[in-house]
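Work through the exercises below with the structure open. Try each task before you read its solution.

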Amino acid sequence: MLDMRFIRENADLVKTALQKRNSKFDLDSVLRVDDDRRKVLGEVEALRARQNKANDEISALLKAKQDPKETIASMKEISRQINELEGQLALKEADLNKLLLTIPNVPHESVPVGAPDKAVIVRNWGTPRQFDFKPQSHVELCENLDIVDFARATKISGSNFLLFKGWGAKLERALFNFMLDLHTSRHGYTEIFPPYLVNRKTMTGTGQLPKMEEDMYRLKDEDMFLIPTAEVPVTNIYGDEILNEDDLPRYLTAYTACFRREAGSYGKDTRGMMRVHQFDKVEMVKFVKPENSYAELETLVNNAETVLQLLGLPYRVVALSSQDISFAAAKCYDLEAWAPGTDKWLEVSSCSNFEGFQARRANIRFRRKDTKKVEFVHTLNGSGVALARTVIAILENYQQKDGSIIIPEVLRRYLDGKETIS
RNA sequence: GGAGAGGUGGCAGAGUGGUCGAAUGCAACUCACUGCUAAUGAGUUAUCUGGGGAAACCUGGAUCCUGGGUUCAAAUCCCAGCCUCUCCGCCA
């Protein structure tokens, strides 16, 4: 969320940001509620000051063995007023907070302004392979190789679930092991294995709530949610904490399953494994000092790119436009891997800088060494990378004419040295 | 799931209605003393928020798990929730 004071002092800037996002959010209503709130707060505080003073007087009288009856009587009315005003104040604060939680982040000045088609392709890596046969889609490949059982996944869970089988299951496991090993041994990340169920506060901290409640799986008997990404538990690890300046930057990586209802996306990517309710992902999360966060975003993207490069998958890096970046993000790059069988670029990673937006919600701060002042950290995260779609890219890129798959070299040591799946 | 105990500052721990943002100890920092270290002495050290000031700083309000309640007044009393610990039950 944005700082109310910042909004108050930079109302025009925030309004421009909302326009860039094509948001219809009415900022003036926030400013009004804030004004009201501050007025009442001032009154409450003045009355409280009187009350505190009277308390001292009563204490002094008692100590002097005098009767404080009169002072007590005179404070009854003040007390009643305080009570009433505090009730009003609580309502206004609740209103304001509710509104603040629904204001999206301000896009960074480098973000292309406009609709999703204003996204900028920053760079390409690799050359799409030329086939001397018609490449199959991953769905055909999976069925023929018997490595994903779509029908039985639907039987036991429902549509858009996956059941990996045999070498398919092993490939999945090989991939996230490879990615975790890469990030921990070469990129300086510490591995985390977090809970998959989190509470409401945690979901609010990273910005999924209150806006996205419909998109998440929620328990019936407890106010808990299945995580849609490891970003949620991992970013909140330092919630309500003050870190030392020396603790920064801090890099964490985690493999988790990710759960998404994908409500409202019926009809989109229904076939195969493009859009499923449960998928595996290795996530990278960074906690950094504000002055470094944009440089850190670039290395974060590079870390994700390394995964695709080592897998030998052609991809492109896309800087998303102001209407396409997520609610909490100030800037976001997507990595899209080429899938020749499906004939599409697939989003396999999303790397974002949230600046202080999540840190303010989750209350993640650090103390400057020289000034001893406490500040919000900047948080970033990026997929490194999302699995189901990466599996699609691997299968479709590495397929042979006979329908077998050559296993990328970096994965072979995780697959008993196997070279092909056939 | 049942029974009991408890949640106070960076940590430990006192405080059962008013002089308590909170004793004391530890840790950290500053200064003094001292070849160095250690020891000793003096001092400083929570967070949020409003106002004044160029700034050091001065000043109002809030915060003793969270939310309600009682009261002129709550860390302290009452209720609910969350969490932790001990014992019992269940369990991979």
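Three exercises on this predicted model follow.

**Exercise 1. The surface near the RNA**

Task: Find which elements give two or more residues to the surface near RNA strand B, and which gives the most.

Solution:
- Start with the residues. RNA strand B is surrounded by 17 residues. The closest are A49, N52, S59, M75 and S79.
- Assign them to elements. Helix 3 (27-63) and helix 4 (69-100) each give two or more residues to this surface.
- Rank the elements. Helix 3 gives the most, with ten residues.
- Sort by residue type. The surface near RNA strand B has seven nonpolar, five polar and five charged residues.

**Exercise 2. The sheet**

Task: Work out the strand order of the eight-stranded open sheet and name its edge strands.

Solution:
- Trace the order across the sheet. The strands run 1-8-9-10-13-7-6-2, with mixed pairing.
- Look for strands that pair on one side only. These are strand 1 (120-125) and strand 2 (190-192), the edge strands.
- Check the twist. From one strand to the next, the twist averages 25°.
- Now take one pair. Strand 6 (residues 250-259) and strand 7 (residues 278-288) are antiparallel and share ten bridges.
- Locate one bridge. T253 has M284 in strand 7 as its bridge partner.

**Exercise 3. A helix on the sheet**

Task: Identify the strands that helix 10 touches, and the angle between its direction and that of strand 13.

Solution:
- Place the helix. Helix 10 (residues 293-311) packs on the sheet.
- List its contacts. Helix 10 touches strand 1, strand 7, strand 8 (315-319), strand 9 (331-339), strand 10 (344-355) and strand 13 (378-386).
- Compare directions. Helix 10 makes about 10° with strand 13.

Note on methods:
Residues are numbered from 1 along each chain as its sequence is written. Chains are lettered from A and ligands numbered from 1 in the order in which they are written. This is a predicted model: local features need pLDDT of at least 70, side-chain atom pairs count only at pLDDT 80 or more; totals for chains, interfaces and linings use all residues. A residue is near a molecule or strand if its C-beta atom, placed from the backbone, lies within 6 Å of it. Helices (H or I, at least four residues) and strands (E, at least two) are DSSP runs, numbered from the N terminus. Ala, Val, Leu, Ile, Met, Phe, Trp, Tyr, Cys and Pro count as nonpolar, Asp, Glu, Lys and Arg as charged, and the others, Gly among them, as polar. Two strands pair if DSSP finds at least two bridges between them. Axes are lines fitted to C-alpha atoms, for helices over the stretch in contact, and angles run from 0 to 180 degrees between N-to-C directions. Two residues are in contact if their C-beta atoms, placed from the backbone, lie within 7 Å.
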